Amino acid sequence: MSKKISLREFQENLVQRLTTAQQGQTTHAALGVQAGREFWLVDLTDSGEIVPTPHLSTVPLTQPWFRGLANIRGSLYSVVDFAGFQGGDPTPATSESRLLLIGTRLGLNSAILVSRALGLRNLDELESSPRTDEIRPWVGDAYVDLQGRTWNKLLVRNLVMQPRFLDVGI
């Protein structure tokens, strides 16, 4: 279950962050998501919107990890199951699964399906770990949190420019 906060707590947190930003004490934050068993960090400049998973229109003769098309406020987005794309189990459609719109800044209407959104993560509170994944060019630096979980930085440009990501046909 996701943690619920009151509107008052949200507003107090927002005021605190705005005050901190005005004083020049910026934090290095990234959006945290979970895709399958992996935890990912996405730069706020690379992440678009996070939306609950809408109805997806399937497209025949496509890869199993290509989940279809989603209509988001009148625009069609191609939806890739991020865990499935990387060889993991397909992401089940649950109340926690989300679409992360990622390609808008690059002129692509692309979205990745993730198991759940985990909110903002302060990179200053995570320990940097050397990058160990040479096979997946969309995996950037790694970080370890206080619970020992490894968070990989998602390099959105590298992901959406992969020929396999762009060619969803069988």
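**Exercise 1. Strand E8 and its partners**

Task: Find which strands pair with E8, and in which sense each one runs.

Solution.
Step 1. Take strand E6, residues 75–81. In this predicted model, 4 bridges join E6 to E8, and the two strands run parallel. One point of reference is Asp-81, whose bridge partner in E8 is Leu-113.
Step 2. Turn to strand E7, residues 98–101. E7 is joined to E8 by 4 bridges as well, but here the strands run antiparallel. Leu-100 stands opposite Ile-112 in E8.
Step 3. Conclude. E8 has a parallel partner in E6 and an antiparallel partner in E7.

**Exercise 2. The surroundings of E8**

Task: Decide how many of the residues of E8 are buried, and which way they point.

Solution.
Step 1. Strand E8 covers residues 110–114. Sort its residues by direction. Ser-110, Ile-112 and Val-114 point one way, while Ala-111 and Leu-113 point the other way.
Step 2. Recall the general pattern. Side chains in a regular strand alternate between the two faces of the sheet.
Step 3. Apply the cut-off for buried, under 20% relative accessible area. In E8, 5 of the 5 residues are buried, so the strand is largely enclosed by the rest of the structure.

**Exercise 3. The sheet that holds E8**

Task: Give the strand order of this sheet and say which strands stand at its edges.

Solution.
Step 1. Write the order: E3-E7-E8-E6-E5-E4. This is an open sheet of 6 strands with mixed pairing.
Step 2. Look for strands with a single partner. They are E3 (50–52) and E4, so one side of each is left without a neighbour in the sheet.
Step 3. Check the pairing of E3. E3 meets E7 in the antiparallel sense over 3 bridges. Pro-52 stands opposite Arg-98 in E7.

**Exercise 4. The other sheet**

Task: Lay out the sheet that contains E2 and E12, and describe how these two strands are joined.

Solution.
Step 1. The order is E9-E1-E2-E12-E11-E10. The sheet is open, has 6 strands and shows mixed pairing.
Step 2. Its edge strands are E9 (116–122) and E10 (127–129), each pairing on one side only. Direction ignored, neighbouring strands here are turned by 35 degrees against each other on average.
Step 3. E2 spans residues 38–43 and E12 spans residues 150–154. They run parallel and are joined by 4 bridges. Val-42 has Leu-154 in E12 as its bridge partner.

**Exercise 5. Thr-150**

Task: Is Thr-150 buried, exposed or partly exposed, and which residues is it in contact with?

Solution.
Step 1. Place the residue: Thr-150 is in strand E12.
Step 2. Read its relative accessibility. The value is 41%, so Thr-150 counts as partly exposed.
Step 3. List the contacts, leaving aside neighbours within four places in sequence. They are Phe-39, Ala-142, Tyr-143 and Val-144.
Step 4. Compare sequence with space for Phe-39. Thr-150 and Phe-39 are 111 residues apart in sequence, yet 6.7 Å apart from C-alpha to C-alpha.

**Exercise 6. Aromatic pairs**

Task: Classify the pair of Phe-39 and Trp-151 and the pair of Trp-65 and Phe-85.

Solution.
Step 1. Two quantities are needed. An aromatic pair is described by the distance of the centres and the angle of the planes. The count for the chain comes to 5 aromatic pairs.
Step 2. For Phe-39 and Trp-151, the centres are 5.1 Å apart and the planes are at 45 degrees: a tilted pair. It links distant parts of the chain, with Phe-39 in E2 and Trp-151 in E12, 112 residues apart. Phe-39 is buried at 13% relative accessible area, and Trp-151 is buried at 0%.
Step 3. For Trp-65 and Phe-85, the ring centres are 4.9 Å apart and the planes are at 85 degrees, so the pair is edge-to-face. Trp-65 lies in the loop between E4 (56–57) and E5 (66–72), and Phe-85 lies in helix H2, so the pair ties together parts 20 residues apart in sequence. Trp-65 is buried, at 8% relative accessible area. Phe-85 is buried too, at 2% relative accessibility.
Step 4. Widen the view. Trp-65 and Phe-85 form one aromatic cluster with Trp-138 and Phe-165.

Technical notes. Residues numbered from 1 in each chain as written. Predicted model: local features only at pLDDT ≥ 70, side-chain atom pairs only at ≥ 80, totals over all residues. Heavy atoms only, no water. Pairing = 2+ DSSP bridges. Axes fitted to C-alpha atoms, helices over the stretch in contact; angles between N-to-C directions. Buried < 20%, exposed > 50% of the residue type's maximum accessible area, 1.4 Å probe, protein only. Contact = heavy atoms within 4.5 Å. Phe/Tyr/Trp six-rings, centres within 6.5 Å; stacked < 30°, edge-to-face > 60°.
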